Amino acid sequence: MLHLSEYTAAFLFGYLCGSIPFGVLVTRFAGAPDVRSVGSGNIGATNVLRTGRKDLAAATLLGDMLKGTAAVVLANAVFGHRAAIGAAIGAFLGHLFPVWLGFKGGKGVATFIGLLLGFGAWTALAAFAVLWLAIAALTRYSSLAALIASVATPVVLWWTGNLPEAGLFLLLAALLWIMHGANIARIFAGTESKIGSKPEQ
């Protein structure tokens, strides 16, 4: 049986993993502009791309994904599956609210994907990718594609019999929508930046 101390340790470990601000670190080490002073000011890969460095955006995307993956895999190896779910929540919250940046982090899409990878949820991961690509191609809204794909994720997990993960990703999808509140408002207003367009300043 999982002790509260072990669950807490897994959660805190996940939070520390998730709070690593790869967008800030890779741009700083590369001598690029501080990502927080560019475009939307977000620390995620989409905003890093606005520095004009595709390589740094790719590195940020990979880092933000794999920190979630690492949190889940390591917590599962040490404490077991239930603790891995706690670590996943911690990692996601760490990315959204990193202590190192005054609790102002990213919006969570890459970490969401990395957590799916950590749980080995291949069907849900494939469904997310297909939905994202289809909606992004139709609308050219990256944010809308991610939001709709996130809603489908817990449904696919439930359908494939992964009930604990379905509950987890239902919570994470809700947080993702909350963090994208401004994007949702801009989509309805018709002012959201589209893929391939010049970003808002």
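Helices here are DSSP runs of H or I covering at least four residues, numbered from the N terminus. With that settled, the predicted model can be taken pocket first, then salt bridges.

The largest pocket comes out at a volume of about 1100 Å³. Of the 38 residues lining this pocket, Ala45, Thr46, Asn47, Trp132 and Ser142 sit closest to its centre. Helix 4 chips in with five residues, the largest share of the lining. Helix 4 (54-79) is one of several contributors: helix 3 (45-48), helix 6 (109-118), helix 7 (122-139), helix 8 (142-159) and helix 10 (181-189) also each put at least two residues into the wall of the largest pocket. Sorted by class, that lining is a mix of 16 polar, 14 nonpolar and eight charged residues.

Now for the charged pairs. The salt-bridge count stands at four, among them the three described here. Arg36 pairs up with Asp34, their closest N and O atoms lying 3.0 Å apart. Both ends see some solvent-accessible surface: Arg36 is partly exposed at 38% relative accessible area, and Asp34 is partly exposed at 32%.

Asp55 and Arg53 make another such bridge, with 2.9 Å between the closest N and O atoms. Asp55 counts as partly exposed at 44% relative accessibility, and Arg53 is likewise partly exposed, at 31%.

Then there is the bridge between the side chains of Glu192 and Arg186, at 2.8 Å from N to O. Glu192 has a relative accessibility of 9%, so it counts as buried, the cut-off being under 20%. Its partner Arg186, with a relative accessible area of 24%, is partly exposed.

Notes:
Residues are numbered from 1 along each chain as its sequence is written. This is a predicted model: local features need pLDDT of at least 70, side-chain atom pairs count only at pLDDT 80 or more; totals for chains, interfaces and linings use all residues. Side-chain values use heavy atoms; hydrogens and water are left out. On a 1 Å grid over the protein atoms alone, a cavity is a set of points where a 1.4 Å probe fits but cannot get out, and a pocket is an open set with protein on both sides within 12 Å along at least five of seven lines; lining residues have an atom within 4 Å of a point. Grid points are joined across faces, edges and corners, and a volume is the space filled by probe spheres set on the points. Ala, Val, Leu, Ile, Met, Phe, Trp, Tyr, Cys and Pro count as nonpolar, Asp, Glu, Lys and Arg as charged, and the others, Gly among them, as polar. Buried means under 20% relative accessible area, exposed over 50%, partly exposed in between (1.4 Å probe, protein chains only).
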